[in-house]
Amino acid sequence: MSHTPEKLEKVGETKFRIRWDDGHVSEFGVRYLRQQCRCAQCRDEFTGAPLLDPESVPTDLTSAKAALVGNYALSFQFSDGHGSGIYTFEALRQICPCCKKPA
């Protein structure tokens, strides 16, 4: 089942919150989002294997900007200069850091 966001909200410089159409709320740390990036610089395009060492992401990372990509995704501009990742709503729901997974 696919879920769509009802509300997207930047929470300070270090968090991003999504309220989904089923009432679930996902709150992501900016560093966590950066570590989960699926762009070609961060993941092998053919195998999907991570190329980014998660520990190399600065602990004080912030996000200057979050923007919609069409009606299906978000992009973030991070303080480390990275901004090429596209985070689909489906992927964001899958990587929600809470223990409650989508039905």
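In what order do the three strands of the open sheet with strands 1, 2 and 3 lie, and is the pairing parallel or antiparallel? The order is 1-2-3 and the pairing is antiparallel. The legends below refer to a predicted model.

**Figure 1. Overview of the protein chain.** The predicted model contains two helices and six strands. Read from the N terminus, the elements follow the pattern β-β-β-α-β-β-β-α. The radius of gyration is 13 Å, close to the 13 Å that the globule rule gives for 103 residues, so the protein chain is as compact as a globular protein of that length. Along the principal axes, the C-alpha atoms occupy a box of roughly 35 × 35 × 30 Å. Buried residues make up 32% of the 103 in the protein chain. Among contacts with a separation of 6 or more, 39% are between residues 24 or more positions apart. The accessible surface of the protein chain is about 6,200 Å², and carbon and sulfur atoms contribute 51% of that area.

**Figure 2. The open sheet of strands 1, 2 and 3.** Three antiparallel strands are arranged in the order 1-2-3. Strand 1 (5–11) and strand 3 (25–29) are the edge strands; each has a single partner strand, so one side of each lacks a neighbour in the sheet. On average, neighbouring strands of this sheet are turned by 15 degrees against each other, direction ignored. Strand 1 is joined to strand 2 (residues 15–20) by six bridges, and the two run antiparallel. Within this pair, Leu8 is opposite Ile18 of strand 2.

**Figure 3. Strand 3 and its hairpin with strand 2.** Strand 2 and strand 3 run antiparallel and are joined by five bridges. Arg17 has Glu27 of strand 3 as its bridge partner. Four residues lie between the strands of this hairpin, and Gly23 takes a positive phi near 95 degrees. In a regular strand the side chains alternate between the two faces of the sheet. Strand 3 shows such an alternation: Ser26 and Phe28 point to one face and are buried, whereas Val25, Glu27 and Gly29 point to the other face and are not buried.

**Figure 4. The open sheet of strands 4, 5 and 6.** This sheet has three strands in the order 4-5-6, paired antiparallel. Its edges are formed by strand 4 and strand 6 (86–88); each has a single partner strand, so one side of each is left without a neighbour in the sheet. Neighbouring strands here are turned by 30 degrees against each other on average, direction ignored. Three bridges connect strand 5 (residues 73–78) and strand 6 in the antiparallel sense. Ala73 has Thr88 of strand 6 as its bridge partner.

**Figure 5. Leu51 in the loop between helix 1 and strand 4.** Leu51 is located in the loop that runs between helix 1 (30–35) and strand 4 (63–69). Is Leu51 buried or exposed? Leu51 is exposed, because its relative accessible area of 52% is over the 50% cut-off. Leaving aside neighbours within four places in sequence, Leu51 is in contact with Ala40, Gln41, Cys42, Arg43 and Asp44. The C-alpha atom of Leu51 is 9.6 Å from that of Arg38, a residue 13 positions away along the chain.

**Figure 6. Cysteine sulfurs around Cys37.** How many disulfides does a search of the whole structure find? The search finds zero. Cys39 holds the cysteine sulfur closest to that of Cys37, at 3.7 Å, which is too far for a bond, because a disulfide requires sulfur atoms within 2.5 Å. Cys37 itself is buried, with a relative accessible area of 1%.

**Figure 7. Cys96 and Cys98 in the C-terminal direction from helix 2.** Cys96 is found in the segment after helix 2 (89–94). With a relative accessibility of 3%, Cys96 counts as buried, whereas Cys98 counts as partly exposed at 28%. The closest cysteine sulfur to that of Cys98 is in Cys96, 3.4 Å away and too far for a bond. Cys96 also lies 5.8 Å from Ser26, C-alpha to C-alpha, although the two are 70 residues apart in sequence. Ser26 belongs to strand 3, where its side chain points to the face shared with Phe28 and is buried.

Technical notes:
Residues numbered from 1 in each chain as written. Predicted model: local features only at pLDDT ≥ 70, side-chain atom pairs only at ≥ 80, totals over all residues. Heavy atoms only, no water. Buried < 20%, exposed > 50% of the residue type's maximum accessible area, 1.4 Å probe, protein only. Contact = heavy atoms within 4.5 Å. Pairing = 2+ DSSP bridges. Axes fitted to C-alpha atoms, helices over the stretch in contact; angles between N-to-C directions. Rg over C-alpha atoms; globule rule 2.2 N^0.38 Å. Areas by Shrake-Rupley, 256 points an atom, 1.4 Å probe, with all protein chains shown as cover.
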